[in-house]
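Student: Please choose one part of the surface in this predicted model and take me through it closely, with the cut-offs behind each term.

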Amino acid sequence: MNASRLIVMGIAVAAAGGAGYIAKQMAAGPPPEVATTTEVVRPAIDLEEVLVASENLPVGLELQGQLNWQSWPSDAVNETFITKRAEPNAVEDLRGSVVRLAFFPGEPIRRIKLIGAGQSFMSSILPSGKRAIATQISADTSAGGFILPNDFVDVIMTRRNQTQTTGSGDGFITETI
């Protein structure tokens, strides 16, 4: 055999031996056993029962039992939350209330986001300074699906002019409300 082949073969055997030594060092035995206990130690946290939504509650939904009590850390309870200590019958008391602002599952129930049973939904969702009116709509005068929620539209009022006695014109005034 030629000398260069013997040198390459020697280097290969040395590399294989080094790899085996490193692998043996990495494959150490199992870690020493730690004494375990069956009792779970939990930190002492004061908990309080808070009324939360058990599902998505969209705007306008009438509550019929979609609420449940959930434990919350006492120091994280806001004064606007409904707690079992303060109102133990809140689930029954809120039955029939209407959702004014949406709730997500697990979100604490707050009275500010609800409308009491029998109260006006429309007046509670209108911003300050706005008002709602009812108009008669028929298939001939409606937008037929072109107006979608959250679209803005102009409302035009046409009325008879009571002050016009003579002159040209038909006696009607049209204005955008």
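**The nonpolar patch and its surroundings**

Tutor: Seven residues, Ile-133, Phe-146, Ile-147, Val-153, Val-155, Met-157 and Ile-177, make up a nonpolar patch on the surface, and together they have about 710 Å² of accessible area (Shrake-Rupley method, 1.4 Å probe, with only the protein chains shown counting as cover for residues). Patch residues have over 30% relative accessible area and no salt bridge, and nonpolar side chains (Val, Leu, Ile, Met, Phe, Trp, Tyr) are joined within 5 Å, like charges within 9 Å. This is a predicted model, in which local features need pLDDT of at least 70 and side-chain atom pairs pLDDT 80 or more, while totals for chains, interfaces and linings use all residues. Residues are numbered from 1 along each chain as its sequence is written, and side-chain values use heavy atoms, without hydrogens and water.

Within the patch, Ile-133 sits in the loop that runs between α3 (121–125) and β5 (156–160) (DSSP runs numbered from the N terminus: helices H or I of at least four residues, strands E of at least two). Ile-133 counts as exposed because its relative accessible area is 58%, where exposed means over 50%, buried under 20% and partly exposed in between (1.4 Å probe, protein chains only). For the setting, buried residues make up 16% of the 177 residues in the protein chain, which has three helices and six strands, in the order α-β-β-α-β-β-α-β-β from the N terminus on.

Val-153 and Val-155 of the patch also appear, with Leu-126, Arg-131 and Ala-132, among the residues closest to the centre of the largest pocket, which is lined by 18 residues. That pocket holds about 720 Å³ of space (an open set of 1 Å grid points over the protein atoms alone, where a 1.4 Å probe fits, with protein on both sides within 12 Å along at least five of seven lines; lining residues have an atom within 4 Å of a point). Its volume is the space filled by probe spheres on points joined across faces, edges and corners. Sorted by class, the lining comprises 11 nonpolar, three polar and four charged residues (nonpolar: Ala, Val, Leu, Ile, Met, Phe, Trp, Tyr, Cys and Pro; charged: Asp, Glu, Lys and Arg; polar: the others, Gly among them).

As for the salt bridges, which patch residues lack by definition, the structure holds five (a side-chain nitrogen of Lys or Arg within 4 Å of a carboxyl oxygen of Asp or Glu). In one of them Lys-113 pairs with Glu-107, with the closest N and O atoms 2.7 Å apart; Lys-113 is buried because its relative accessible area is 8%.
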